Amino acid sequence: GQVVAGGNGAGNGLNQLNQPSDVLIDKETDSLIICDFANRRVVRWSRRSGTTQGEILIGSIACWGLAMDEQRNLYVGDSLKWEVRRYRFGENNGTLVAGGNGLGDGLNQLNGPTFLFVDRDHSVYISQYWNLRVMKWTKGATEGIVVAGGHGNGYGLSELFGPQGLLVDTLGTVYVADEENCRVMRWTQGANQGTILEGGKDQGAGARLVRPMGLSFDRHGNLYVADSTNHRVQRFSIEKNC
């Protein structure tokens with residue numbers, strides 16, 4: 001592939017990245033917004049030819065996941081402050097939208113926020129790696145709602161073990177990469193358990209998925225999975241609610 005950001009070794013220079021964990025495209029400015037995880041910052045790199053360095057948008061933040069709404073507000077999780085904030089471009093403090101009540105497993109707390117998704121109503125969905133669940137925080141809420149997992153660590157259909165990549169369709173169906181269980185699951189709105197779309201720990205040697213991370217859909221409904229320990233990205237055709 002073509003290097004479009006970084007590529008100058010691990011470091012904290014403006015021409016470097018260190019363990020980037022998530023990226024999105026800002027179409028209005030034709031740029032990449034990147035979680036530069038180990039540098040604890042969010043940076044922007046122009047996609048224009050000849051770009052040699054980025055600019056820091058948000059500093060001193062242990063970000064893992066990013067999301068953007070249709071008004072170009074940026075949502076960023078902080079895994080050391082156990083919160084998610086919404087930022088307008090140019091802001092450095094942002095507005096608290098989830099968590100911010102210390103480390104814990106209460107409905108008003110986060111533990112290990114990783115990937116994010118924002119729907120059309122500006123509700124924020126958050127994968128919580130250590131709390132073994134996906135939470136939905138509606139706009140202005142002071143606590144979240146469990147929409148997937150939340151029943152402890154395990155392989156059952158009501159359980160998650162290290163939720164990561166996250167998507168939500170227009171019917172509120174949640175798609176989540178269940179990393180340690182080596183599977184991708186789908187949870188319909190209000191369901192007490194999910195269904196396995198792909199993978200599973202019982203696959204044995206040559207497993208179809210090993211520690212899946214990021215998820216994405218294309219306009220045809222194909223699901224793309226970052227199959228991290230198999231060192232590849234896979235595409236699956238599934239039935240999807242649009």
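## Terms and overall architecture

Two strands are taken to pair if DSSP finds at least two bridges between them. The structure described here is a predicted model. By this criterion, E10 and E11 form a hairpin, with four residues between the two strands. Leu132, in the turn of that hairpin, has a positive phi of about 60°.

The protein chain contains 19 strands and zero helices. Along the principal axes, its C-alpha atoms fill a box of roughly 45 × 40 × 30 Å. The radius of gyration is 17 Å, which agrees with the value near 18 Å expected for a compact globule of 242 residues. Half of the chain is shielded by the burial criterion: 50% of the 242 residues count as buried.

## The four-stranded sheet E9 to E12

Four strands form an open sheet in the order E9-E10-E11-E12, with antiparallel pairing. Strand E9 (113–118) and strand E12 (145–149) are the edge strands, each of which pairs on one side only. From one strand to the next, the twist averages 25°.

E9 and E10 run antiparallel and are joined by four bridges; within this pairing, Tyr125 in E10 is the bridge partner of Phe117. The hairpin of E9 and E10 has five residues between the strands, and His122 in this hairpin takes a positive phi near 70°. E10 is also joined to E11 by five bridges, again in the antiparallel sense. Here Val124 stands opposite Trp137 in E11. Strand E11 (residues 133–137) pairs in turn with E12 over four bridges in the antiparallel sense, and Ala148 in E12 is the bridge partner of Val134.

## Burial of strand E10

How many of the five residues of strand E10 are buried? Five of the five residues of this strand (residues 124–128) are buried, so E10 is largely enclosed by the rest of the structure. The cut-off behind this statement is a relative accessible area under 20%.

The cover extends to both faces of E10. Val124, Ile126 and Gln128 are buried on one side, and Tyr125 and Ser127 are buried on the other. Two of these residues also appear in the pairing described above: Tyr125 as the bridge partner of Phe117, and Val124 opposite Trp137.

## Strands E13, E14 and E15

Strand E13 (residues 163–168) pairs with E14 in the antiparallel sense over four bridges, and Val174 in E14 is the bridge partner of Val168. The hairpin of E13 and E14 has five residues between the strands; Gly172 in this hairpin takes a positive phi near 85°. E14 and E15 pair in the antiparallel sense over five bridges, with Val176 opposite Met185 in E15.

E14 is mostly covered, five of its five residues being buried. On one side these are Val174, Val176 and Asp178, and on the other Tyr175 and Ala177.

## Positive phi outside glycine

Cys182 lies in the loop between strand E14 (174–178) and strand E15 (183–187). E14 and E15 form a hairpin with four residues between them, and Cys182 is in its turn. Although Cys182 is not a glycine, it has a positive phi of about 55°. Is this residue buried or exposed? Cys182 counts as buried because its relative accessible area is 14%, and buried means under 20%.

Arg72 likewise is not a glycine and has a positive phi of about 70°. Arg72 is placed in the loop between strand E5 (66–68) and strand E6 (74–78).

## The three-stranded sheet E17 to E19

An open sheet of three strands has the order E17-E18-E19, and its pairing is antiparallel. Strand E17 (212–217) and strand E19 (232–237) stand at the edges with a single partner strand each, so one side of each is left without a neighbour in the sheet. The twist in this sheet averages 25° from one strand to the next.

Strand E18 (residues 222–227) pairs with E19 over six bridges in the antiparallel sense. Phe236 in E19 is the bridge partner of Leu223.

## A nonpolar surface patch

Tyr155, Leu157 and Ile196 make a nonpolar surface patch of about 220 Å². Ile196 is located in strand E16 (residues 195–199). Ile196 counts as partly exposed because its relative accessibility is 34%, a value judged against the range between the buried limit of 20% and the exposed limit of 50%.

Notes:
Residues are numbered from 1 along each chain as its sequence is written. This is a predicted model: local features need pLDDT of at least 70, side-chain atom pairs count only at pLDDT 80 or more; totals for chains, interfaces and linings use all residues. Side-chain values use heavy atoms; hydrogens and water are left out. Axes are lines fitted to C-alpha atoms, for helices over the stretch in contact, and angles run from 0 to 180 degrees between N-to-C directions. Patches are made of residues with over 30% relative accessible area and no salt bridge: like charges are joined within 9 Å, nonpolar side chains (Val, Leu, Ile, Met, Phe, Trp, Tyr) within 5 Å. Accessible areas come from the Shrake-Rupley method with a 1.4 Å probe; for residues, only the protein chains shown count as cover. A salt bridge is a side-chain nitrogen of Lys or Arg within 4 Å of a carboxyl oxygen of Asp or Glu. Buried means under 20% relative accessible area, exposed over 50%, partly exposed in between (1.4 Å probe, protein chains only). The radius of gyration is taken over C-alpha atoms; the globule rule is 2.2 Å times the number of residues to the power 0.38.
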